Amino acid sequence: MYVCYKLKRLSMKKRFSLLLLAITSFAFAQYGYRDSNMIGITLGLNQFTLNTSDIEAKPGTGWNIGLSMRGNFYNDWDAIYGLQFSEYNYKVVTKKGVSGDRDVNYKLPCANVTFQLSYKFIENHLSVEFGPMVQINGNAQIEKTDEANIVKGTAVTAKDFTKMGNVGVYPVIGITAGVRNARLNLTYQYGLTNMLGKVDGDFSGHASVINGNVIFYF
């Protein structure tokens, strides 16, 4: 109970740091376990879409950086586990006084922990992946000058819409292609949890994300 209490008091940045330390330590500990085990460094971009009929939201482009471990699981299957840090960007249409519609940019920093199975069509060259991902995030961020804007079609301010669910569950599917030490990875993930559940009122929104990454293995 004491440990749980202390974890709850940690800031979001400290939680991310602990997750990164744990994944990094585990990855390097496992690196020499099998010859086929590889550590991957991920760099890339994402397109985030907030799927909702309650407000007008527009997709935006963000970034990804991560660390993963790929190793043999069974026959033509690999197992992949890792940690990815991302920043998601999207826009919400608001009203600001008599100036008309104004797009407010929302930034959502998060950490994603994933476990995937990978079927290898061609060893070290072509595979497909699928599996669950858990996302941990804080609230979204907007410019202070936009906080008092009224979200179009509602009586709620833009600042109120920064309140986000802190844990999300995403199924992920993707494809990876390239050579042994450098591969392109394209994935799609859909959020099963309501991201707008903390906003006052009956609002519902689910995230969908397309990721395009380069993975360097060693």
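How exposed is Arg102, judged by relative accessibility? Arg102 counts as partly exposed, at 36% relative accessibility. The scale runs from buried (under 20% relative accessible area) to exposed (over 50%), with partly exposed in between, using a 1.4 Å probe and protein chains only.

This is a predicted model, in which local features need pLDDT of at least 70, side-chain atom pairs count only at pLDDT 80 or more, and totals for chains, interfaces and linings use all residues. Residues are numbered from 1 along each chain as its sequence is written, and side-chain values use heavy atoms, with hydrogens and water left out.

Start with the charges. A salt bridge here is a side-chain nitrogen of Lys or Arg within 4 Å of a carboxyl oxygen of Asp or Glu. The count by this rule is 10. One of them joins Arg102 to Asp146, with the closest N and O atoms 2.7 Å apart. Arg102 sits in strand E4 (residues 101-122), while Asp146 is in the loop between E5 and strand E6 (150-151). The two are 44 residues apart, so this pair links distant parts of the chain. Strands (E, at least two residues) and helices (H or I, at least four) are DSSP runs, numbered from the N terminus. Unlike Arg102, which is partly exposed, Asp146 is buried, with a relative accessible area of 4%.

Salt bridges that share partners also build one network, made of Arg70, Asp78, Lys120, Glu123 and Glu129. Within it, the side chains of Arg70 and Glu129 meet at 3.3 Å, N to O. Arg70 belongs to strand E2 (residues 57-74) and Glu129 to strand E5 (residues 126-137), 59 residues apart. Both residues are buried.

Now compare Lys95 and Asp101. Their closest N and O atoms are 2.6 Å apart, in another salt bridge. Here Asp101 is partly exposed, at 43% relative accessible area. Lys95 is partly exposed too, at 37%.

Next, the interior. A nonpolar core is a set of buried Ala, Val, Leu, Ile, Met, Phe, Trp, Tyr and Cys residues joined through side-chain atoms within 4.5 Å. The largest one has 26 residues. Phe48, Tyr90, Tyr106, Phe161 and Met195 have the most contacts inside it. Strand E1 (38-51), strand E3 (77-95), E4, strand E7 (167-178) and strand E9 (206-217) each supply at least two of its residues. E4 gives the largest share, four residues.

Take Phe48. Contact means heavy atoms within 4.5 Å. Beyond its neighbours within four places in sequence, Phe48 touches residues including Pro59, Tyr88, Tyr90, Met195 and Val209.

Rings add another layer. Rings of Phe, Tyr and Trp (its six-membered ring) pair if their centres lie within 6.5 Å; planes under 30 degrees apart count as stacked, over 60 as edge-to-face, and the rest as tilted. The whole structure holds seven such pairs. Tyr90 and Tyr106 are stacked, at 5.2 Å centre to centre and 15 degrees between the planes. Tyr90 lies in strand E3 and Tyr106 in strand E4, so the pair ties together parts 16 residues apart in sequence. Both tyrosines are buried. Ring pairs link them with Phe48 and Tyr88 into a cluster.

Phe161 and Phe203 meet differently: their ring centres are 5.0 Å apart and their planes at 70 degrees, so the pair is edge-to-face. Phe161 lies in the loop between E6 and E7, and Phe203 in the loop between strand E8 (182-190) and E9, so this pair ties together parts 42 residues apart. Phe161 is buried at 2% relative accessible area, and Phe203 is buried at 11%.
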